[in-house]
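This report describes a metal site and the ligand beside which it is discussed. The sequence and structure are shown first.

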Amino acid sequence: QHGKLYHKLDEKAASDYITTIPILAEKLGGSPADWDIREVGDGNLNYVYIVVGPRGSFILKQALPYVRCVGESWPMTLERAYFEAKALRKEFEVAPEYVPEVYYFDHPMAAIAMRYLEPPHIILRKGLIDGIVYPRLAEHISDFMSKTLFYTSLLALDTHRHKEAAAQSYANMEMCRLTEQVIFTEPYMEAANNHWTSPQLDQDARAVREDIELKVEVAELKAKFCERTQALVHGDLHTGSVMVTETSTKVIDPEFSFYGPMAFDVGAFIANLFLAFFSQDGHSVTEGARDNYKKWILQTVSDVWSLFVAKFKAEWDKSWDHAGYAYLPAVYNTPAARTLSQMRFIEDLFVDMLGFAACKMIRRIVGIAHVEDMESIADAAKRAVCERKALSYVESLPSLDGPA
Ligand code: ADP
Ligand code: SR1
Ligand code: MG
Ligand code: MG
Ligand code: MG
């Protein structure tokens, strides 16, 4: 493509850069003096510019050769932008309603131009902190997950296409390695990156490091994360990777995408809903003011799972006679065989989903990267109470029954 060799953008450099890419300049219309460019990145890793011109707009996202929230001391591959663009395109192919369209990808610049999800779209996590109900969220996100996971798996693909796609995704190993480190390893040892609300949670963090049964389960989940090439997973599907309005749901930021266990995505999303739930008492202005909202979050957890199962099975039912190679129609040729196959598949997914959800909750309380749901509770004592409840709830997983 047209990009020069890598150079880091800022607002001015982004404007100069866009003038060299005709399809982007044309999308904006006018001339550089008419363009409004603003850096709005609030994620942990990258720079994100909103670019608006007289005719149109887009988002320009650029990876840096390091982890933004840590700095240059933690180098990180620019290739993450390539995997993000590739995953966005695949997700857009199978679930276009839920994904911003990619307009342009510049590999050497590690830069992606994509649809600007215009206001009133906001990051779901912020909406959850503000107590906003999203009536279509469970339906939409379960649709996104069922389609992206089903259509990239061996339930839909033949062995060659599945292996080829999986092999290509293996190269996103630096991002997978980061996840291994910050989700499956560091929270269970003394690590300089770890932090928690201290001194309130000192004992709780120690208990996590010393819980042998927990650590053995986490090792098993880590092995599944590293070894299971089941489907193209988003890889970072928390509530900061979803933008919403009352009627629209869009999934962004799949830079961690790889062929991994389907349960990793479902577990990530549900874990972040639980974190939102447990943070509510910290945001409640008067006691009980968020009680109805808490009920809605728990209902959404339950709906996400049950709608995901229903939608995933529906895709599978449509495909039996031109199925992927996992369950060939000649072998699974009776309703009984098909029903049992689906039941076993979903049971396995459920157990792994809860396990991954547990890991995701723990890492957000005692690991390197916390969530705004909790961090925005200014009173440390109040925050610690919310975080402790979330950590204790993890022990009652595996079961999706909401907290008493
Ligand atoms: P990171 O990889 O650093 O987490 P994200 O892709 O999550 O970056 O983007 C960071 C922020 O930029 C998001 O929280 C959101 O506010 C904004 N953003 C990203 N993509 C879009 C988009 N397509 N439309 C509107 N805003 C976006
Ligand atoms: C350095 S850890 C940064 C975290 O932010 C990303 O969004 C992922 O969740 C990653 O684990
Ligand atoms: Mg992000
Ligand atoms: Mg990201
Ligand atoms: Mg997480």
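**Magnesium site**

In this predicted model, the magnesium ion (ligand 4) has as its protein donors D253 (OD), D253 (OD) and E255 (OE), at 1.8 to 2.3 Å from the ion. D253 also forms a bridge between the magnesium ion (ligand 4) and the magnesium ion (ligand 3), and these two ions lie 3.5 Å apart.

Both donor residues can be assessed for burial against the cut-off of under 20% relative accessible area. D253 has a relative accessibility of 15% and therefore counts as buried. E255 is buried as well, with a relative accessible area of 2%.

**Surroundings of ligand 1**

Ligand 1 sits in the largest pocket. There are 17 residues around ligand 1, and those that come nearest are D42, N46, K61, L117 and E255. By class, the shell around ligand 1 consists of nine nonpolar, three polar and five charged residues.

E255 thus appears in two settings: as a donor to the magnesium ion (ligand 4) and among the residues nearest ligand 1.

**Polar contacts and coverage**

The side chain of N46 places an N or O atom 2.7 Å from an oxygen atom of ligand 1. At L117 the backbone is involved, with an N or O atom 2.9 Å from a nitrogen atom of ligand 1. D253, which bridges the two magnesium ions, has a polar side-chain atom 2.9 Å from an oxygen atom of ligand 1. On its own, ligand 1 has 550 Å² of accessible area, of which the protein covers 92%.

How values were computed
Residues are numbered from 1 along each chain as its sequence is written. Chains are lettered from A and ligands numbered from 1 in the order in which they are written. This is a predicted model: local features need pLDDT of at least 70, side-chain atom pairs count only at pLDDT 80 or more; totals for chains, interfaces and linings use all residues. Side-chain values use heavy atoms; hydrogens and water are left out. Donors are N, O and S atoms within 2.8 Å of the metal (3.2 Å for Na, K and Ca); water is not among the atoms, so sites may look incomplete. Buried means under 20% relative accessible area, exposed over 50%, partly exposed in between (1.4 Å probe, protein chains only). A residue is near a molecule or strand if one of its heavy atoms lies within 4 Å of it. A polar contact is a pair of N or O atoms within 3.5 Å; within protein, one must be able to donate a hydrogen and the other to accept it, and residues adjacent in sequence count only if both atoms are side-chain atoms. Accessible areas come from the Shrake-Rupley method with a 1.4 Å probe; for residues, only the protein chains shown count as cover. On a 1 Å grid over the protein atoms alone, a cavity is a set of points where a 1.4 Å probe fits but cannot get out, and a pocket is an open set with protein on both sides within 12 Å along at least five of seven lines; lining residues have an atom within 4 Å of a point. A molecule sits in a cavity or pocket if more than half of its atoms lie within 2 Å of its grid points. Ala, Val, Leu, Ile, Met, Phe, Trp, Tyr, Cys and Pro count as nonpolar, Asp, Glu, Lys and Arg as charged, and the others, Gly among them, as polar.
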